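User: Hey, got a minute to go through this chain with me? I'd like the fold before the details.

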Amino acid sequence: MEIDLLSEATTLHLAVADSGPGITTTEDIFARDVSTGSHLGNEHGRGVGLPLIKRLAQARSGDVWIADPGNGTDGAVFAARLPAVLVEPSTPENNNKTEGA
């Protein structure tokens with residue numbers, strides 16, 4: 001698994017590359033009770049993770065989507081945008097703006 005993070009002001013952008021076989025179902029993987037790990041057996045998962053992550057992102061005015069479904073040998077890539085989750089770094093320039101107000 002590989003995770004890339006990028007900040008844009010207070011927005012966090014993420015890309016997660018899965019090391020599995022990619023998305024092997026035609027079902028909506030963000031729907032509850034759909035598991036992308038079903039090929040690993042019933043003990044692997046119940047289809048809660050991706051739907052929950054998408055709902056949490058959307059509750060914060062963000063989103064999660066499939067950037068690349070993979071091809072059966074290379075894993076899928078998921079992307080997310082989470083606005084207003086980062087705090088801009090404090091700099092003397094920023095501090096002067098609030099002190100002079």
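Analyst: Sure. Helices here are DSSP runs of H or I with at least four residues, strands are E runs of at least two, and both are numbered from the N terminus. On that basis, the elements go β-β-α-β-β-α from the N terminus on, which comes to two helices and four strands.

User: What should I know about the model and the numbering?

Analyst: This is a predicted model, where local features need pLDDT of at least 70 and side-chain atom pairs count only at pLDDT 80 or more, while totals for chains, interfaces and linings use all residues. Residues are numbered from 1 along each chain as its sequence is written, and side-chain values use heavy atoms, with hydrogens and water left out.

User: OK, strands. How many bridges join β1 to β2, and which way do they run?

Analyst: Strand β1 (residues 2–8) and strand β2 (residues 11–17) are antiparallel, with seven bridges joining them. For pairing, DSSP has to find at least two bridges between two strands. Glutamate 2 sits opposite alanine 17 of β2.

User: And the turn in that hairpin?

Analyst: Two residues lie between the strands, and alanine 9 has a positive phi near 55°.

User: Which residue of β4 is the bridge partner of alanine 15?

Analyst: Alanine 79. β2 and strand β4 (residues 77–82) are antiparallel too, joined by six bridges.

User: Back to β1. What's aspartate 4 in contact with?

Analyst: Leaving aside neighbours within four places in sequence, aspartate 4 contacts His13, Leu14 and Ala15, where contact means heavy atoms within 4.5 Å. Aspartate 4 is in strand β1, and its C-alpha is 9.4 Å from that of alanine 79, 75 residues apart along the chain.

User: Why does aspartate 4 count as partly exposed?

Analyst: Because its relative accessibility is 43%; buried means under 20% relative accessible area, exposed over 50%, and partly exposed in between, using a 1.4 Å probe and protein chains only.

User: Any greasy patches on the outside?

Analyst: Met1, Ile3 and Leu5 make a nonpolar surface patch of about 370 Å², and isoleucine 3 is in strand β1. Patch residues have over 30% relative accessible area and no salt bridge; nonpolar side chains (Val, Leu, Ile, Met, Phe, Trp, Tyr) are joined within 5 Å, like charges within 9 Å. Areas come from Shrake-Rupley with a 1.4 Å probe, and for residues only the protein chains shown count as cover.

User: Switching topic: how many salt bridges does a search of the whole structure find?

Analyst: One, meaning a side-chain nitrogen of Lys or Arg within 4 Å of a carboxyl oxygen of Asp or Glu. Lysine 54 pairs with aspartate 63, with the closest N and O atoms 3.1 Å apart.

User: Is lysine 54 buried or exposed?

Analyst: Lysine 54 counts as buried because its relative accessibility is 18%, whereas aspartate 63 is partly exposed at 25%. Lysine 54 belongs to helix α1 (residues 49–59) and, not counting residues up to four places away, touches Phe30, Asp63 and Val64.

User: Which residues form the largest nonpolar core?

Analyst: Seven of them: Ile29, Phe30, Ala57, Val64, Ala76, Phe78 and Ala80. A core is a set of buried Ala, Val, Leu, Ile, Met, Phe, Trp, Tyr and Cys residues joined through side-chain atoms within 4.5 Å. Beyond four places in sequence, alanine 57 contacts Gly62, Asp63, Val64 and Leu82.

User: And how much of the chain is buried?

Analyst: Buried residues make up 20% of the 101 residues.
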